[in-house]
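Please examine the sequence and the three-dimensional structure shown here. The dialogue after them is meant for a reader who is new to this structure.

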Amino acid sequence: MRIATQTEGGTVPVTPGGPAAKAGLHAGDVILEVDGQAVSDSRELIVTIRSKAPGDQVRIRFRHDGEVRTATVTVGAAPAPSARPS
């Protein structure tokens, strides 16, 4: 699962100072595994991360500039939903 390479809908691919950035992940990196389980698409990644509690740590195996790396990411709290007019 490739991390987006550019801002989409006002959302940056990797939040500066966020858990992924602190672990060394960058825009364009390819996430290969989370806690030893292969990740095939973004939905699978989201479900896996959301099954963890804030503060839990997960091991991410990813490819950055052609090199496979492993990092530990501390799961953060999900942002509060914003009100949208209907």
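The following questions and answers treat the sheet, the core, the salt bridges and the largest pocket.

This is a predicted model, in which local features need pLDDT of at least 70 and side-chain atom pairs count only at pLDDT 80 or more, while totals for chains, interfaces and linings use all residues. Residues are numbered from 1 along each chain as its sequence is written, and side-chain values use heavy atoms, with hydrogens and water left out.

Student: What is the order of the four strands in the open sheet?
Tutor: Strands are DSSP runs of E with at least two residues, helices are runs of H or I with at least four, and both are numbered from the N terminus. Two strands pair if DSSP finds at least two bridges between them. The pairing in this open sheet is antiparallel, and the order is β2-β1-β3-β4.

Student: Which strands stand at the edges of the sheet?
Tutor: A strand at an edge has a single partner strand, so one side of it is left without a neighbour in the sheet. The strands in this position are β2 and β4.

Student: How many bridges join β3 to β4?
Tutor: Strand β3 covers residues 57-64 and strand β4 covers residues 67-74, and the two run antiparallel. Within this pair, Val58 stands opposite Val73. In the hairpin, two residues lie between the strands, and Asp65 takes a positive phi near 50 degrees. The number of bridges joining β3 to β4 is eight.

Student: Which element gives the most residues to the largest nonpolar core?
Tutor: A nonpolar core is a set of buried Ala, Val, Leu, Ile, Met, Phe, Trp, Tyr and Cys residues joined through side-chain atoms within 4.5 Å; buried means under 20% relative accessible area, exposed over 50%, and partly exposed in between (1.4 Å probe, protein chains only). This core has 14 residues, and Leu25, Ile31, Val34, Val58, Ile60 and Val73 touch the most other members. The elements that contribute two or more residues are β1 (30-34), β3 and β4. With three residues, the element that gives the most is β3.

Student: Which residues does Leu25 touch, leaving out those up to four places away in sequence?
Tutor: Contact here means heavy atoms within 4.5 Å. Leu25 is among the core residues that touch the most other members. Its contacts are Ile3, Val14, Ala20, Ile31, Ile60, Phe62 and Val73.

Student: How far apart in sequence are Glu33 and Arg61?
Tutor: The side chains of Glu33 and Arg61 meet in a salt bridge at 3.6 Å, N to O; a salt bridge is a side-chain nitrogen of Lys or Arg within 4 Å of a carboxyl oxygen of Asp or Glu. Glu33 is partly exposed at 24% relative accessibility, and Arg61 is partly exposed at 33%. Glu33 lies in strand β1 and Arg61 in strand β3, and the separation is 28 residues.

Student: Which element gives the largest share of the lining of the largest pocket?
Tutor: On a 1 Å grid over the protein atoms alone, a cavity is a set of points where a 1.4 Å probe fits but cannot get out, and a pocket is an open set with protein on both sides within 12 Å along at least five of seven lines; lining residues have an atom within 4 Å of a point. The largest pocket holds about 1100 Å³ of space, and among its 31 lining residues the closest to the centre are Pro13, Ala20, Leu45, Ile46 and Ile49. Elements giving two or more residues are α1 (19-22), α2 and β3. The largest share, five residues, comes from α2.

Definitions and conventions
Points joined across faces, edges and corners; volume = space filled by probe spheres on them.
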